[in-house]
Structures are given as C-alpha cells and as structure tokens.
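Let's take a walk through this structure together. Keep the 3D view open as you read, and turn it whenever a new part comes up.

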Amino acid sequence: MNWKRKDLLGLEELSRQEIEFILDTAKSFKEVSTRPVKKVPALRGKTIVNLFFEPSTRTKTSFELAAKRLSADVLNFEVSTSSVSKGETIVDTARNIEAMKVDCFIVRHSVSGAPLIISNAVKSAVINAGDGCHEHPTQALLDLFTVREVFGKISGLKIAIIGDIFHSRVARSNIWGFTKLGAKVTVCGPPTLMPRGIEKIGVSVCYSIKEAVSKADIVYLLRLQKERQQENFFPSQAEYRNYFGFDTKKFDLTKKKFVIMHPGPMNRGLEISTDAAEKENSLILQQVTNGIAVRMAVLYLTVRQVH
Amino acid sequence: MENRILSANEIKKILNKLADQIIREMGSNIAVIGIKRRGAILAERIKKILDKKTKRNIECGSIDITLYRDDFSAIGPGPVVSGSELMFEIDDKKIVLVDDVLYTGRTIRAAMDQIIDYGRPKMIKLFVLVDRTNCRELPIQPDYAGIKMIVGKKQIVEVRLKEIDKKEEVVVTDIK
C-alpha cells in the first residue's frame with residue numbers, strides 16, 4: 001500500500017487498509033524507543049508545531065516525544081500566551097506560523113472541525129489531536145495497536161465502550177476504527193449521554209454496564225468529562241458511579257478474561273475504581289507506551305507527503 | 001538481457017572462503033549484522049558457517065535502514081519500515097556488516113549511523129557479495145567482497161536468494 005495523505009483528521013475517512021498500514025508501520029517504530037539512543041534521523045530538519053487550543057498533557061507530551069524521537073524540531077504553541085487571546089482567528093494563527101516555514105501542525109481544539117479548517121488553509125501536514133466531540137484519531141489508533149498487540153487480531157473481538165458517549169471524541173474514533181477492522185462494538189452509558197441514532201453507524205446500544213461487560217473481550221471506560229456536564233445529564237456523580245462506574249465489587253476480574261482500557265486521565269473512584277485500574281487486566285499504561293510508536297508512525301507517514 | 005554472474009554453488013563457496021578469512025583476520029568477539037532484506041539473509045548464513053567453524057554461538061542481528069536514508073525529501077512511494085532486530089550489546093564487538101551489493105555506498109553510510117546509535121563497536125568491517133567498483137558516491141570500500149565487477153549505470157545487479165526469490169543466483173540485467 002502507498003500512503004498518500006498529508007493530513008490525519010479522523011478515522012471515519014480512512015480505509016481498513018490505511019488503518020492497518022499505520023499500525024504495521026507503528027510496530028517497527030516501537031523498537032526505536034527501546035534503544036540506548038532513542039532517536040532516528042527520519043524527520044531531521046523538519047519542524048512540527050503543537051497547536052493546542054485546549055489543555056492537554058498526555059497527548060501533547062506524547063506527540064512531542066514522538067517528534068523528537070524522529071529528530072524533528074518541536075514548537076509548543078501555548079494558547080494562553082498567544083495572540084489568539086488578542087482576537088486572532090485560528091486560520092490566521094496557523095498561516096502566520098506556517099509563514100515561518102514549519103512542516104506539520106498538531107491541532108487540538110474544543111470546536112469540532114477546527115483541524116479541517118486549518119488543513120484547508122495551509123500546505124503543511126495537519127494531524128487532529130482531538131477536536132470537540134468529533135474525533136481523536138491517534139488515540140483510537142493506539143488503542144487498536146494495543147488490542148492487536150495483546151490479542152494478535154482485532155476482527156471478531158467484542159468491545160464495550162462505556163461512559164459519556166455523547167461528548168466523547170475518543171468513543172467516535174474508536175467506533176470507526178474497531179468496526180472497520182471487524183470488531184463488534186457495543187456502547188453503554190446513561191440514555192441522556194447516548195447520541196440518538198448511533199446504531200446507524202454499526203454499533204449496538206446497551207444501558208446496563210453488567211450486560212455490556214458480560215459479553216466483552218475489551219472493556220473500554222471513557223473519562224467522565226466533568227467540564228462538559230453543565231447541563232445536568234445525570235443527577236449526581238455518585239449516581240453515575242453506582243450505575244456506570246466500573247469496580248471490582250460489580251465484576252470479578254479473576255473469573256472472566258477481559259482487558260480494561262482507558263484513554264486517561266482517569267477519574268479514580270468515578271468511572272473506574274482504584275483497584276480495577278491496578279489489576280493485571282488493565283492495559284492503561286501499555287496504551288500510553290504505544291501512543292509514542294503510533295504517533296511516530298503518523299508523523300512519519302504524513303510529513304513525508306508535504307511538498 | 002540477463003547475464004548470470006554467480007551460481008548457487010559459487011555463492012556457497014564464496015561465503016565459506018570469506019568466513020575463513022574473517023576468522024583469520026578478526027579473531028574472537030565477532031558479531032554479524034545484515035542489512036534488510038537480502039543482507040540479513042546472507043548474515044544469517046555467515047553466522048551459521050562461523051558457528052560451525054569456531055564452535056561458538058556468534059551473535060547475529062538485522063537492521064532496516066529506511067529511517068536513516070538521506071533521500072527522505074524525495075517524494076515517492078514511501079518504503080515500508082520493517083524494523084530492526086539487534087538483541088545483543090554491540091559495545092566493543094567486532095562487527096561484520098553484511099549487504100548483498102555495494103553500489104553508491106549510501107546504504108552503508110546509513111547502516112553505520114544506525115549501528116552507532118546502538119552503542120560503540122570496536123570496529124565495523126564491511127562484507128558484500130558483489131562490489132560494483134565504479135559507482136561509489138561516498139568513500140566506502142568493502143573489507144570482504146565475493147566478487148568485484150564494473151557494471152554500467154544502466155544495468156542492475158540482482159542477487160536472488162532462495163529464502164525470498166525461490167532461486168539462488170546473481171545476475172546482471174538491463175534496467176527496464
């Protein structure tokens with residue numbers, strides 16, 4: 001397969017072959033991080049800009065390390081100290097940075113579609129690092145990579161994605177990714193946080209965590225995004241925990257073979273109990289490790305396409 | 001037009017002869033590293049010969065130099081990155097670096113850069129099955145060469161190994 005895209009905006013527009021190509025490429029990049037010198041010269045001389053309009057530690061750090069391990073230079077654009085606070089539009093911001101001859105933008109924004117708007121305005125590569133409630137493609141790619149590493153395959157597996165589906169870009173990207181690669185996806189959460197008509201994109205809906213978990217090979221717990229709950233989608237956090245929180249009292253982790261995943265940062269004691277996060281079924285730190293390899297692969301493939 | 005330069009039997013003889021020379025000249029503490037893909041296969045074969053002759057288990061690994069290429073900006077179909085397998089400490093080792101054909105020398109430059117990222121070997125010696133002596137672009141010469149020949153720029157040397165190509169031979173053909 002030949003990779004042709006300079007942007008990665010979402011998994012919805014990618015084919016199964018393209019997703020598998022990224023995962024295959026990432027496999028060889030994983031080895032680089034185990035070397036004494038954790039660096040290859042593949043993107044030497046390239047400049048990559050972290051353009052984050054929303055706070056993020058993990059994703060930003062992960063992209064920065066990925067870029068540095070490919071020998072690229074990284075510019076971290078802090079929105080609080082930038083001209084955005086003076087009223088500049090995102091397109092102008094991106095064009096001004098591009099005028100300083102950069103090669104790639106990694107964009108996070110609270111508005112769905114912001115990376116697309118930027119990609120239409122610049123010649124550099126644009127990678128979506130999470131936009132509104134739309135997509136977070138590299139998170140889903142690292143989840144797919146981790147599942148493939150553990151199970152040796154994705155096709156035929158059953159994954160239950162549990163939590164605030166409505167606001168979750170992680171859920172959306174994972175739904176596209178896992179269904180395209182042949183897994184069976186069930187989404188589970190409070191009815192108020194379930195997007196209407198979501199069955200139409202090929203998932204089953206379930207409102208009981210017990211039922212969702214009982215059939216699953218992978219239990220994927222979403223972070224309850226407290227910052228997006230101003231509209232009272234559920235009565236209280238305690239009630240949410242009682243009905244949709246994952247804990248070892250509800251589920252005997254020694255009995256059934258399933259793995260637990262979480263995109264981080266975890267709200268311990270809310271969507272996941274502390275002891276469940278520490279169990280050997282938990283792939284949470286493995287996900288973080290694989291994030292570097294997957295992002296190296298994405299940067300390597302897209303930045304190559306910039307003329 | 002296809003011109004056969006080496007037969008399966010001749011390849012075998014060359015590997016045996018050069019393995020003797022390696023043992024004589026390099027002594028102990030040897031490790032073999034092949035450049036993917038055909039260099040890695042030749043490295044594996046040399047390792048087996050050295051194992052037999054020295055009654056030791058010689059370390060052997062392979063590297064993929066894609067990420068170290070110097071023609072990154074040349075836009076084209078991206079080569080698939082296949083990964084490197086170097087599972088041993090290379091510090092103070094005497095490395096035999098193996099490739100099938102030595103042409104411009106750029107692959108070897110990339111391979112040496114990569115090896116040095118893994119540690120500090122005592123020395124690196126270069127082993128190639130075919131040395132195209134007239135096309136070098138960098139000051140790199142082989143220490144062990146199966147056959148040295150002058151081949152025009154319009155021709156290619158194809159090393160075919162049974163593990164990948166089902167056949168075992170070295171041929172010179174015109175670029176199509």
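A residue is called buried here if 20 or more other C-beta atoms lie within 10 Å of its own, and exposed if there are 12 or fewer; anything in between is partly exposed. Keep in mind, too, that this is a predicted model.

With that in hand, go to strand β2 of chain B, residues 30-35. This strand is mostly covered, with six of its six residues buried. Look at one side and you find B:I30, B:V32 and B:G34; flip over and you find B:A31, B:I33 and B:I35. The residues on both of these faces are all buried.

What does β2(B) pair with? One partner is strand β4 of chain B, residues 94-102, which runs parallel to β2(B) and is joined to it by five bridges. To spot this pairing on screen, find B:I30, which stands opposite B:K94 in β4(B). Another partner is strand β3 of chain B, residues 59-63; here as well the two strands run parallel, and five bridges join them. For this pairing, look for B:V32, which has B:C60 of β3(B) opposite. As a general point, strands of a sheet pair through backbone hydrogen bonds, either parallel or antiparallel.

Now for the way the chain gets from β2(B) to β3(B). Together with helix α2 of chain B, residues 38-54, these two strands make a right-handed β-α-β unit.

Stop for a moment at B:I46, which sits in helix α2 of chain B. Is B:I46 buried or exposed? It is buried, because 24 other C-beta atoms lie within 10 Å. Setting aside residues up to four places away in sequence, B:I46 touches B:L15, B:A19, B:V32, B:V96 and B:V98. You've already met B:V32 as one of the buried residues of β2(B). As for B:A19, 27 residues separate it from B:I46 in sequence, yet in space the two are 6.7 Å apart, C-alpha to C-alpha.

Let's zoom out to chain B as a whole. Chain B has four helices and eight strands, and starting from the N terminus its elements run β-α-β-α-β-β-α-β-β-β-α-β. Chain B is as compact as a globular protein of its length, because its radius of gyration is 16 Å, close to the 16 Å that the globule rule gives for 176 residues. Its C-alpha atoms fill a box of roughly 45 × 40 × 30 Å, taken along the principal axes. Of the 176 residues in chain B, 36% are buried. Take the contacts in chain B between residues at least 6 apart in sequence: 67% of these join residues at least 24 apart.

Chain B also meets chain A. How many residues of chain B are in contact with chain A? There are 14, and they are in contact with 16 residues of chain A. Sorted by class, the chain B side of this meeting has seven nonpolar, five polar and two charged residues.

Over in chain A, start with an open sheet of five strands in the order β1-β5-β4-β2-β3, with parallel pairing. Its edges are β1 (7-8) and β3 (73-78), each with a single partner strand, so one side of each is left without a neighbour in the sheet. Inside this sheet, five bridges join β4 (residues 104-109) to β5 (residues 125-131) of chain A, and the two run parallel. A:I106 is a handy marker here: it stands opposite A:I127 in β5(A).

Chain A has another open sheet of five strands, in the order β8-β7-β6-β9-β10, again with parallel pairing. At its edges are β8 (204-206) and β10 (259-261), each with a single partner strand, so one side of each has no neighbour in the sheet. On average, neighbouring strands of this sheet are turned by 25 degrees against each other, direction ignored. Three bridges join β7(A) to β8(A), which run parallel, and A:C188 stands opposite A:C206 in β8(A). Helix α6 of chain A, residues 169-180, lies across β6 (158-162), β7 and β9 (218-221), running at about 160 degrees to β7(A).

Finish at A:T186, which lies in β7(A). A:T186 counts as partly exposed because it has 19 C-beta neighbours inside 10 Å. Leaving out neighbours within four places in sequence, its contacts are A:A160, A:V203, A:S204, A:C206 and A:A212.

How values were computed
Residues are numbered from 1 along each chain as its sequence is written. Chains are lettered from A and ligands numbered from 1 in the order in which they are written. This is a predicted model: local features need pLDDT of at least 70, side-chain atom pairs count only at pLDDT 80 or more; totals for chains, interfaces and linings use all residues. Two strands pair if DSSP finds at least two bridges between them. A crossover is right-handed if, with the strands pointing away from the viewer, the path from the first strand over the helix to the second runs clockwise. Two residues are in contact if their C-beta atoms, placed from the backbone, lie within 7 Å. The radius of gyration is taken over C-alpha atoms; the globule rule is 2.2 Å times the number of residues to the power 0.38. Ala, Val, Leu, Ile, Met, Phe, Trp, Tyr, Cys and Pro count as nonpolar, Asp, Glu, Lys and Arg as charged, and the others, Gly among them, as polar. Axes are lines fitted to C-alpha atoms, for helices over the stretch in contact, and angles run from 0 to 180 degrees between N-to-C directions.
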